[in-house]
Amino acid sequence: MKNQCRELRIKYEDIARKAEQISSDRAKIADVLIKAQEKAEMILQEAKEKAIEERKKLSELTEQEKEKLVDMKREIKALKQEITKTLKKYEFDLEKVVEFASENIESMEGLSEDDSNDDTPEEEDEISDVILEEIMEEYASKSNT
């Protein structure tokens, strides 16, 4: 009976050691799992923070680009207006030159009809060039003032 008790005791101690080892292993595994979960949560939180930060940067960049686009549209509109204004001024100036030239040519035609028998075609071209230059100079001096 003593042997049986001893054998039972040895078996009990062996089972107790195994149970303690299993309990120790479970505690280690639980600790590793908890640490892994904490690390995963930390990584997830960092990823969320980075995503929020990146979204904020992209939003700011988008806003800046929108502002640039609005500025560019304003500049284009101002340039269109300036071009239109300049073209209208040139159109008005050109009309004045044509009007002035027409008046001077008509007045010159009356003079040239009297003298037309005396001039050669080359002389008429030179006279026309001189008259045109005088008209342009007079117009230039008028438009500068």
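Colleague: What share of the 145 residues of the protein chain counts as buried?

Modeller: Just 5% of the 145 residues. "Buried" stands for under 20% relative accessible area, "exposed" for over 50%, and "partly exposed" for what lies in between (1.4 Å probe, protein chains only). Mind that this is a predicted model, where local features need pLDDT of at least 70, side-chain atom pairs count only at pLDDT 80 or more, and totals for chains, interfaces and linings use all residues. Residues are numbered from 1 along each chain as its sequence is written, and side-chain values use heavy atoms, with hydrogens and water left out.

Colleague: What makes up the secondary structure, in helices and strands?

Modeller: The protein chain has 2 helices and 0 strands. Both terms refer to DSSP runs numbered from the N terminus: H or I with at least four residues for helices, E with at least two for strands. Helix 1 covers residues 2–115, and helix 2 covers residues 121–144.

Colleague: Why is Phe100 called buried?

Modeller: Its relative accessibility is 15%, and the cut-off is under 20%, so Phe100 counts as buried. Phe100 sits in helix 1. From Phe100 to Met136 the C-alpha distance is 9.4 Å, with their positions 36 residues apart in sequence.

Colleague: And why is Leu87 called exposed?

Modeller: Leu87 has 54% relative accessibility; the bar is over 50%, so Leu87 passes as exposed. Leu87 also belongs to helix 1.

Colleague: Which residues make the nonpolar surface patch with Leu87?

Modeller: Leu79, Ile83 and Tyr90 join Leu87 in a patch of about 450 Å². A patch takes residues with over 30% relative accessible area and no salt bridge; nonpolar side chains (Val, Leu, Ile, Met, Phe, Trp, Tyr) are joined within 5 Å, and like charges within 9 Å. The areas come from the Shrake-Rupley method with a 1.4 Å probe, and for residues only the protein chains shown count as cover. The protein chain as a whole exposes about 13,700 Å², of which carbon and sulfur atoms supply 56%.

Colleague: What makes the surface patch around Glu133 a charged one?

Modeller: Glu126, Asp129, Glu133, Glu134 and Glu137 gather there as a negative patch. Asp and Glu count as negative, Lys and Arg as positive, while His and the chain ends are left out. Each charge is placed at NZ of Lys, CZ of Arg, CG of Asp or CD of Glu. Glu133 lies in helix 2.

Colleague: How do you know that Lys35 and Asp31 form a salt bridge?

Modeller: Their closest N and O atoms are 3.5 Å apart, and a salt bridge needs a side-chain nitrogen of Lys or Arg within 4 Å of a carboxyl oxygen of Asp or Glu, so the pair qualifies. Lys35 and Asp31 are 4 residues apart in helix 1, which means about one helical turn. At 51%, Lys35 is exposed, whereas Asp31, at 37%, is partly exposed.

Colleague: What about Glu65 and Lys68: what is the N to O distance?

Modeller: It is 3.5 Å, and their side chains meet in a salt bridge. They sit 3 residues apart in helix 1, again about one helical turn. Glu65 has 41% relative accessibility and Lys68 has 47%, so Glu65 is partly exposed and Lys68 is partly exposed.

Colleague: Is Asp93, which pairs with Lys89, buried or exposed?

Modeller: Buried, because its relative accessibility is 16%. Its partner Lys89 is partly exposed at 49%. Salt bridges with shared partners also link Asp14, Arg17 and Lys18 into one network. The Asp93 and Lys89 side chains meet at 3.0 Å, N to O. The structure holds 8 salt bridges.
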